[in-house]
Amino acid sequence: MQTLKQGQKYTRTGTSGVWWRLKVGTKTLWAHSDYLALEKAASTPKPSPKPTTKPTPKPTTTTKYVAVALNLRASASLSAKIVTTMPRGAKVTVLKKAGSWSQVKYGTRGGWVANAYLTSSAGSSSAKPSTPSSTAQKTIAALNLRTSASLSAKIAMTLPGARRSRC
């Protein structure tokens, strides 16, 4: 097993739900997206615009459907308490998005689900892995890189690091 240093760069070559497929040197490995971050390009500061008074927009909600049997969680974390399990095709109302998670209402219950498992149509049969364009990434917290997109997959490499701060 190898160890990468915090801040060491890698390339994201695909995703499957909340898992990212990474190219680290000559190896292709998988890691949970909660422990990785996009590297932001440096930007030139722009002058602040003059303040104007605008009405506060009303929050909007969106109807989505569950692509697979999915756990509704108490907070936006894989380790959060499971409120209930929703069947494939269940209708939810998205109240807000936060990173790779959405706060939803399912019937009379509220909770959080991973965005990757929500679809716009009731007939979708499963969440499909996507393949984004390759982007430089860097680690922000310690995590295990696995041989496939599963918590039960063999650990191929460990990335040490500091705890992730959530703003």
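Author: Two residues are in contact when heavy atoms of one lie within 4.5 Å of heavy atoms of the other. The model discussed here is predicted. Leaving aside neighbours within four places in sequence, V94 is in contact with T60, T61, T62, K64, S102, Q103, V104 and L118.

Reader: How many helices and strands does the protein chain have?

Author: The protein chain has 15 strands and 0 helices. Of its 167 residues, 31% count as buried. The chain exposes about 10800 Å², of which carbon and sulfur atoms supply 52%. Among contacts with a separation of 6 or more, 56% are between residues 24 or more positions apart.

Reader: Why are V66, L70, L72 and V94 counted in a nonpolar core?

Author: A nonpolar core is a set of buried residues of certain kinds, Val, Leu, Met and Ala among them, joined through side-chain atoms within 4.5 Å. The largest such set here has 10 residues, namely V66, L70, L72, M86, A90, V92, V94, V104, V113 and L118. Strands β7 (70-73) and β9 (91-98) each supply at least two residues of this core. A second, separate core has 9 residues, including L22, L29, A31 and M157. In soluble globular proteins, nonpolar side chains tend to be buried together.

Reader: What makes β10 and β11 a pair of strands?

Author: Strands pair if there are at least two bridges between them. Strand β10 (residues 101-106) and strand β11 (residues 109-114) are joined by 6 bridges and run antiparallel, so the condition for pairing is met. Within this pair, W101 stands opposite A114 in β11. The two strands form a hairpin with 2 residues between them, and G107 in the turn has a positive phi of about 65°.

Reader: How do you know that β2 and β3 pair, and in which sense?

Author: At least two bridges are required, and β2 and β3 have 5, in the antiparallel sense. One of the bridge partners is L22 in β3, which is matched with R12. This hairpin has 2 residues between the strands, and G17 takes a positive phi near 65°.

Reader: Is G17 buried, exposed or in between, and what makes it so?

Author: G17 lies in the loop between β2 (9-16) and β3 (19-24). Its relative accessible area is 26%. Buried requires under 20% and exposed over 50%, so G17 is called partly exposed. Not counting residues up to four places away in sequence, G17 touches A116 and Y117. The C-alpha atoms of G17 and S100 are separated by 9.1 Å, although these residues are 83 residues apart along the chain.

Reader: Why is S102 called buried?

Author: S102 has a relative accessible area of 0%. The limit for buried is under 20%, and S102 is therefore buried. S102 lies in strand β10. Beyond four places in sequence, S102 touches V94, K96, K97, G111, W112, V113, N115 and L118. One of these, L118, is 16 residues away along the chain, with 9.1 Å between the C-alpha atoms.

Reader: What makes the approach of the S102 side chain to the N115 side chain a polar contact?

Author: A polar contact is a pair of N or O atoms within 3.5 Å, one able to donate a hydrogen and the other to accept it. The side chains of S102 and N115 make such a contact at 2.3 Å. A polar atom of the N115 side chain also lies 3.0 Å from the backbone oxygen of G99.

Reader: Which class, buried or exposed, applies to N115, and which to K97?

Author: N115 has a relative accessible area of 19%; the cut-off is under 20%, so N115 counts as buried. N115 is placed in the loop between β11 and β12 (118-119). K97, at 59%, counts as exposed, because exposed means over 50%. K97 belongs to strand β9, and its contacts beyond four places in sequence are S102 and N115.

Reader: How do you know where the predictor has pLDDT under 50?

Author: pLDDT is the predictor's confidence in each residue, from 0 to 100. The mean for the protein chain is 74, and 64% of its residues reach 70 or more. Over residues 125-136 the pLDDT stays under 50, and the model has 30 contacts beyond four places in sequence for them. Residues 162-167 are also below 50, with 12 contacts beyond near neighbours in sequence.

Note on methods: Residues numbered from 1 in each chain as written. Predicted model: local features only at pLDDT ≥ 70, side-chain atom pairs only at ≥ 80, totals over all residues. Heavy atoms only, no water. Helix = DSSP H or I, 4+ residues; strand = E, 2+ residues; numbered from the N terminus. Buried < 20%, exposed > 50% of the residue type's maximum accessible area, 1.4 Å probe, protein only. Areas by Shrake-Rupley, 256 points an atom, 1.4 Å probe, with all protein chains shown as cover.
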